Amino acid sequence: MKGILWKLFLLSFLFLKGTTQDVEQTQFICTSVPKDVDLCSAVVQNSGPAEDLKTTVMQLRETVLQQKETIMNQKDTIRELTSKLGRCESQSQSEPGDARTGGRRKEPGSKNTMGDVSKGPSNTLTQLEQTLQSLRQRLENLEQFSRNNSSAQANSLKDLLQKKIDDLEKQVLSRVNSLEESEAGLRNETEQRGKVETTLTSLHQRISDLEKGQKDNRPLDKFQLTFPLRTNYMYAKVMKSMPEMYAFTVSMWIKSNASPGVGTPFSYAVPGQANELVLIEWGNNPMEILINDKVAKLPFLINDGKWHHICVTWTTRDGVWEAFQDGSLRGNGENLAPYHPIKPQGVLVLGQEQDTLGGGFDATQAFVGELANFNIWDKKLSAAEIYNLATCSSKAQTGNVFSWVETGIEIYGGASKWTFEPCLQLN
């Protein structure tokens with residue numbers, strides 16, 4: 001009975017104390033207090049857990065705030081890393097591809113200015129072997145010419161050729177051995193490559209000097225250009241300036257087994273427009289013709305190592321074009337740079353794609369193979385006229401804008417020029 005009274009007394013005390021506070025903060029607490037414990041001390045002792053609870057809540061609140069701050073910092077870090085990852089992915093995707101329309105050109109500043117310098121020593125040795133084979137083939141061609149000519153001059157040329165063959169082999173093999181010995185010092189590869197390229201250019205020039213001895217004994221249009229390596233320094237330049245054209249026909253013989261893409265057989269640039277007229281097969285893209293940077297895909301299949309005759313016609317009216325391979329129509333279209341005349345006074349280059357007027361060559365876009373009988377007309381030829389060109393008919397025309405003659409071009413960087421008659425390849 002006394003215990004009950006104590007509880008009632010404590011409840012009354014707490015109630016009276018609560019009425020002095022704001023109604024919204026009033027709390028009623030029932031606490032059991034033993035009968036032999038002082039009531040005041042019991043109240044004081046029971047206030048301890050409340051203080052502990054308040055301290056705990058404050059600590060938890062502080063912890064939550066710290067965790068929130070940590071999460072925000074982590075989110076910032078994640079966003080920064082995501083941004084960096086995105087930039088890395090975009091850069092890795094842009095390296096093999098390019099910013100040019102249809103995936104043809106690299107971004108400015110990414111040009112390979114040392115030709116195929118990024119390739120390893122093994123690829124360099126392979127290319128040197130291919131170049132040596134090309135040199136031997138040209139020398140054998142000259143030797144065959146001397147055997148077919150009974151003059152005393154031809155006999156002396158034959159003796160000279162044999163000596164040149166031995167000399168050339170020793171020089172190239174010496175250069176290959178030097179490359180192999182210096183393989184460990186890759187940081188000197190650029191200097192070594194420069195020496196190799198200089199030697200090859202010198203060898204090509206020496207062979208060209210020999211070939212010039214045949215010039216008086218053959219027609220000036222019976223020759224071909226050979227581009228044995230994918231570099232940014234082998235090319236030929238047309239010496240004649242181009243007129244303004246409202247239509248054109250471009251015709252040539254071409255041979256290549258390069259992969260991926262045969263490269264750029266020719267490019268014509270004018271001030272302010274590097275892609276005024278370009279024929280290119282770059283990377284895994286099909287062959288394309290560009291007029292004022294507008295593109296049409298051409299259905300040519302020519303990288304089989306055989307000679308093919310290709311021809312493209314175009315007129316500015318409605319931008320109508322046609323593509324012929326080996327005398328047969330393979331494709332046509334319209335709206336290719338309609339009502340845009342080909343501008344005059346530009347630079348016409350064989351074997352390289354121009355990014356600037358007369359230069360800015362990219363080794364990855366260089367033509368690899370052989371090219372002959374390149375002709376341009378300022379009109380659209382008929383299907384019959386194109387067939388005559390492809391079959392070497394006696395009725396075949398020569399270009400009225402540019403015709404294929406040795407005196408009309410200059411060669412640079414070791415691109416070679418030697419006797420060729422495409423019609424003999426057909427018989």
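The following paragraphs go through the sheet, the nonpolar cores, the charged pairs and some backbone details of this predicted model.

The sheet comes first. Seven strands form an open sheet in the order E7-E6-E5-E4-E11-E2-E13, and their pairing is antiparallel. The edges are taken by strand E7 (294–297) and strand E13 (409–412); each has a single partner strand, so one side of each is left without a neighbour in the sheet. On average, and ignoring direction, neighbouring strands of this sheet are turned by 20° against each other. At the E13 edge, strand E2 (residues 235–238) runs antiparallel to E13 and is joined to it by four bridges. Within this pairing, Tyr235 has Tyr412 of E13 as its bridge partner.

Strand E5 (residues 273–281) belongs to the order given above and contains Gln273. Gln273 has 14% relative accessibility and therefore counts as buried, the cut-off being under 20%. Its side chain makes a polar contact of 3.1 Å with the side chain of Asn292. Not counting residues up to four places away in sequence, Gln273 touches Asn292 and Asp293.

The nonpolar interior is next. In soluble globular proteins, nonpolar side chains tend to be buried together. Here the largest nonpolar core has 49 residues, and Phe374 and Trp404 are those with the most contacts inside it. Strand E3 supplies the largest share of this core, five residues. A second core of six residues is separate and includes Cys311, Phe324, Ile386 and Leu389.

What does Trp404 contact, its neighbours within four places in sequence left aside? One group of contacts includes Leu220, Asp221, Phe223, Gln224 and Leu225. Another includes Leu371, Ala372, Asn373, Phe374 and Asn375. Leu350 and Ile409 are also among the contacts of Trp404.

Two members of the second core, Ile386 and Leu389, lie in helix H7 (residues 383–390), where both are buried. Asn388 and Ala390 of H7 are buried as well. Just after this helix, Cys392 takes a positive phi of about 60°.

Charged pairs come next. Side chains of opposite charge can pair when their charged atoms come close. How many salt bridges does the structure hold? There are three.

One of them joins Lys255 and Glu370, with the closest N and O atoms 3.8 Å apart. Lys255 lies in strand E3 (residues 247–255) and Glu370 in strand E12 (residues 369–377), so the salt bridge ties together parts that are 115 residues apart in sequence. Lys255 counts as partly exposed because its relative accessibility is 25%, whereas Glu370, at 14%, counts as buried.

Another salt bridge is formed by Lys380 and Glu322, whose closest N and O atoms are 3.7 Å apart. Lys380 is in the loop between E12 and H7, and Glu322 is in strand E9 (residues 320–325), so this pair ties together parts 58 residues apart in sequence. Lys380 is partly exposed, with a relative accessible area of 39%. Glu322 is buried, with a relative accessible area of 17%.

The remaining pair is Glu288 and Lys297, with 2.8 Å between the closest N and O atoms. Is Glu288 buried or exposed? At 1% relative accessibility, Glu288 counts as buried. Its partner Lys297 has 49% relative accessibility and counts as partly exposed, since a residue must be over 50% to be exposed.

Some backbone details in loops complete the account. Ser259 and Pro260 are joined by a cis peptide bond, with omega about 0°. Pro260 is placed in the loop between E3 and strand E4 (263–270).

The loop between strand E10 (328–333) and strand E11 (347–350) contains Tyr339. Phi of Tyr339 is near 60°, a positive value in a residue other than glycine. Gln345 lies in the loop between E10 and E11 too, and has a positive phi of about 60° although it is not a glycine. Tyr339 is exposed, with a relative accessible area of 57%, and Gln345 is exposed with a relative accessible area of 56%.

Methods. Residues are numbered from 1 along each chain as its sequence is written. This is a predicted model: local features need pLDDT of at least 70, side-chain atom pairs count only at pLDDT 80 or more; totals for chains, interfaces and linings use all residues. Side-chain values use heavy atoms; hydrogens and water are left out. Buried means under 20% relative accessible area, exposed over 50%, partly exposed in between (1.4 Å probe, protein chains only). Helices (H or I, at least four residues) and strands (E, at least two) are DSSP runs, numbered from the N terminus. A salt bridge is a side-chain nitrogen of Lys or Arg within 4 Å of a carboxyl oxygen of Asp or Glu. Two strands pair if DSSP finds at least two bridges between them. Axes are lines fitted to C-alpha atoms, for helices over the stretch in contact, and angles run from 0 to 180 degrees between N-to-C directions. A nonpolar core is a set of buried Ala, Val, Leu, Ile, Met, Phe, Trp, Tyr and Cys residues joined through side-chain atoms within 4.5 Å. Contact means heavy atoms within 4.5 Å. A polar contact is a pair of N or O atoms within 3.5 Å; within protein, one must be able to donate a hydrogen and the other to accept it, and residues adjacent in sequence count only if both atoms are side-chain atoms.
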